[in-house]
Amino acid sequence: MEGSAHHRPVRPRLSTEERRRFVLRALAKPRTQAELRDALGMSNSGILHLLRHLERDGLARPAEKIGCTRIWEGKQTTRSQGR
């Protein structure tokens, strides 16, 4: 249906685990919440819900907020050296 009011292109739905893995890979460098939302085709509340769950699990954290833009980054896991 051309000319409809859809804002996002239709994408195949990803499972919760696939979305989590995508966000964790993307957070190898700091990303805005909007970048992640658009990449996954999610709503504002949906991506915030996912990021808050990752924060609760200790996998991501909000790095800073500039105006209305939230920057998120992944927490690096500590690897033992020499093993």
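Which pattern does the chain follow when read along the sequence? In this predicted model, the answer is α-β-α-α-β-β. The legends below start with the whole chain and then move in on its helices and core.

**Figure 1. The whole chain holds three helices and three strands.** Welcome to the overview! Of the 83 residues in the chain, 25% are buried. Among contacts with a separation of 6 or more, 45% join residues 24 or more positions apart. The chain exposes about 6500 Å², and carbon and sulfur atoms supply 50% of that area. A word on confidence: the average pLDDT is 83, with 76% of the residues scoring at least 70. Please read the stretch 78–83 with care, as its pLDDT is below 50. Beyond near neighbours in sequence, residues 78–83 have zero contacts in the model.

**Figure 2. Helix H1 (16–26) turns its buried residues to one side.** Look here for Arg19, Arg20, Val23 and Ala26, the buried residues of H1. Around the axis they cover an arc of only 130°, which puts them on the same side of H1. Their cover includes E1, H2 and H3. Two arginines, Arg19 and Arg20, are thus listed among the buried residues here.

**Figure 3. Helix H2 (33–40) has a buried face of its own.** Gln33, Leu36, Arg37 and Leu40 are the residues of H2 that are buried. Seen down the axis of H2, they fall within an arc of 100°, so they line one face of the helix. What covers them includes H1, strand E1 (31–32), H3 and E3. Follow the chain past H2 and you meet Gly41, with a positive phi near 70°.

**Figure 4. Helix H3 spans residues 44–56.** Its 13 residues reach 18 Å from the first C-alpha to the last, close to the 18 Å expected at 1.5 Å a residue. Gly46, Ile47, Leu50, Leu51 and Leu54 are buried in H3. Down the axis of H3, these buried residues sit within an arc of 130°, so they line one face of the helix. The other side of H3 carries Ser45, His49 and Arg56, which are exposed. Packed against the buried residues of H3 are helices H1 and H2, together with strand E2 (60–66) and strand E3 (69–74). Just after the helix, Gly58 has a positive phi of about 80°.

**Figure 5. Twelve residues form the largest nonpolar core.** Its members are Val23, Ala26, Leu27, Leu36, Leu40, Met42, Ile47, Leu50, Leu51, Leu54, Ala60 and Trp72. H1, H2 and H3 each supply at least two residues of this core. Which helix gives the largest share? That is H3, with four residues. As background, nonpolar side chains tend to be buried together in soluble globular proteins.

**Figure 6. A closer look at Leu51 and the residues it touches.** Leu51 is one of the buried residues of H3 and also belongs to the largest nonpolar core. Leaving aside residues up to four places away in sequence, Leu51 touches Val23, Leu27, Gln33, Leu36 and Trp72. Val23 is one of the buried residues of H1, while Gln33 and Leu36 are among those of H2. Val23, Leu27, Leu36 and Trp72 are core members as well.

Definitions and conventions. Residues numbered from 1 in each chain as written. Heavy atoms only, no water. Expected span 1.5 Å × (residues − 1). Buried < 20%, exposed > 50% of the residue type's maximum accessible area, 1.4 Å probe, protein only. Arc of directions from axis to C-beta. Contact = heavy atoms within 4.5 Å. Core = buried A, V, L, I, M, F, W, Y, C linked by side-chain atoms within 4.5 Å. Areas by Shrake-Rupley, 256 points an atom, 1.4 Å probe, with all protein chains shown as cover. pLDDT = per-residue confidence, 0-100.
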